[in-house]
There are 2 protein chains.
Amino acid sequence: MTADSPPHTKAAVLGILRAADLLRRRGAALLEPYGLTVQQFNVLRILRGARPDGLCTLTIAERMVEQTPGITRLIDRLEAKQLVRRVRSEEDRRQVWCRITPEGLRLLARLDQPVADLDRAVVAGLARADQERLAALLAVVHREPA
Amino acid sequence: MTADSPPHTKAAVLGILRAADLLRRRGAALLEPYGLTVQQFNVLRILRGARPDGLCTLTIAERMVEQTPGITRLIDRLEAKQLVRRVRSEEDRRQVWCRITPEGLRLLARLDQPVADLDRAVVAGLARADQERLAALLAVVHREPA
DNA sequence: TGATAATACTTGACATATCAACTATTGACA
DNA sequence: TGTCAATAGTTGATATGTCAAGTATTATCA
């Protein structure tokens, strides 16, 4: 192995990082007026998809797009805003079940359209087939290499 | 516009975010034993490329892979570790010129190989031509869409 | 030339992230 | 059944990120 990765490797890696930064910044800007961070929004979406039962804390952490060690306090903030409710499980008292509140659902409903528009806008330069190719190539990348 | 983006759009967007998170976590893990964050490492690389003159603070910020409002304190930390030196410009006393120190260069030299190996490992599942395709598709994405 | 605006940071206040203990509870097994 | 390990989450200390406001300096232009 030489001490430098080849140009196409560098370009791919840099491209991933830059594109993600763009997405995150736009997402943060969109959510900021609603008092949500990108991660908080992702938790809410996960919990909307997990109705009506909800999920326990660490399962939410597993499903996050970005690995999130601070999941407890992240959900603390959502609970403080009344967007999530937590109840300690009776079957296994170590677990805490989290559910999205009606207020959380209403907030998400308001966000669906602008978030979808943002997603579309960011990859608008790519035709559908190219978006599919991109997704397929990235899927290979995050199949956690050894 | 419907209230939901199509599956290929979602897959592309999610793929970007997940792949970037993987890269960032691996990078952070690699750099941690050396006492550097990913962003600090990026500043050092930018300054290595800007020898011998160095760069003023905001120019470094512009060249960062990720947009970084806290550039001043980021460089504060590098200066505290003696990896960067700062001097106020004489031509324009508002500007501060930053240069990498020999110690900073030595640290980078130790990191070049493992970082290159990491980059290669992360996209190892893709043949060269696919890495090029991936880079080309991502380049379209971060051509800052309106 | 003097007032105003623009630039290049810097700083303070605050939010969030990260790591390493720590507690409570459950499972596994001698 | 009692002990030890594993699980699920919480908490404290600390580092880092973010935004808005502040300072110093330079450019613009009446």
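Start by selecting Leu55(A) and Cys98(A). In this predicted model, Cys98(A), in S3(A), is the bridge partner of Leu55(A). Now extend the selection to the strands around the pair. S1(A) pairs with S3(A), residues 96-100, in the antiparallel sense, over 2 bridges.

**The sheet of chain A**

Show the strands of chain A. There are 3 of them in an open sheet, ordered S1-S3-S2, and the pairing is antiparallel. Look at the edges next. Strand S1 (55-56) and strand S2 (84-88) of chain A each have a single partner strand, so one side of each has no neighbour in the sheet. As background, strands of a sheet pair through backbone hydrogen bonds, either parallel or antiparallel.

Add helix H2 of chain A, residues 38-49. This helix lies across S1, S2 and S3 of chain A. Its direction is at about 95° to S3(A).

**A stop at Ile100(A)**

Select Ile100(A), which lies in strand S3 of chain A. Is Ile100(A) buried or exposed? Ile100(A) counts as buried, because 25 C-beta neighbours sit inside 10 Å and 20 are enough for that label. Colour what Ile100(A) touches beyond four places in sequence: Leu44(A), Leu47(A), Arg48(A), Arg51(A), Leu83(A), Val84(A) and Leu105(A). Then draw a distance to Gly125(A). The two residues are 25 apart in sequence, and their C-alpha atoms are 35 Å apart in space.

**Chain A as a whole**

Zoom out to chain A. Its secondary structure comes to 6 helices and 3 strands. Along the sequence the pattern reads α-α-β-α-α-β-β-α-α. The C-alpha atoms fill a box of roughly 55 × 35 × 25 Å along the principal axes. Of the 146 residues in chain A, 29% are buried. Consider contacts in chain A between residues at least 6 apart in sequence: 47% of them join residues at least 24 apart.

**Where the two chains touch**

Bring in chain B. Here 52 residues of chain B are in contact with 52 residues of chain A. On the chain B side, helix H1 (7-31), helix H5 (102-122) and helix H6 (128-141) each give two or more residues. H1(B) gives the most, with 17 residues. Colour this side of chain B by class to see 27 nonpolar, 9 polar and 16 charged residues.

**The core**

Now select Ile16(A) and Ile16(B). These two have the most contacts inside the largest nonpolar core, a set of 30 residues. Helices H1 (7-31) and H6 (128-141) of chain A, with H1 and H6 of chain B, each supply at least two residues of this core. Which residues is Ile16(B) in contact with, leaving aside its neighbours within four places in sequence? They are Ile16(A), Ala19(A), Ala20(A), Leu23(A) and Leu138(A).

**The DNA strands**

Move to DNA strand D. It is surrounded by 19 residues, the closest being Cys56(A), Thr57(A), Leu58(A), Gly70(B) and Arg93(B). Helices H3 (57-63) and H4 (71-80) of chain A and helix H4 (71-80) of chain B each supply at least two residues of the nearby surface. H4(B) has the largest share, 3 residues. By class, this surface has 5 nonpolar, 7 polar and 7 charged residues.

Finish at DNA strand C. Of the 18 residues around this strand, the nearest are Gly70(A), Arg93(A), Cys56(B), Thr57(B) and Arg94(B). Here H4 of chain A gives two or more residues, as do helix H3 (57-63) and H4 of chain B. The surface near strand C divides into 5 nonpolar, 7 polar and 6 charged residues.

Definitions and conventions:
Residues numbered from 1 in each chain as written. Chains lettered and ligands numbered in written order. Predicted model: local features only at pLDDT ≥ 70, side-chain atom pairs only at ≥ 80, totals over all residues. Near = placed C-beta within 6 Å. Helix = DSSP H or I, 4+ residues; strand = E, 2+ residues; numbered from the N terminus. Nonpolar A, V, L, I, M, F, W, Y, C, P; charged D, E, K, R; others polar. Contact = placed C-beta atoms within 7 Å. Pairing = 2+ DSSP bridges. Axes fitted to C-alpha atoms, helices over the stretch in contact; angles between N-to-C directions. Core = buried A, V, L, I, M, F, W, Y, C linked by C-beta atoms within 7 Å. Buried ≥ 20, exposed ≤ 12 C-beta atoms within 10 Å, placed from the backbone.
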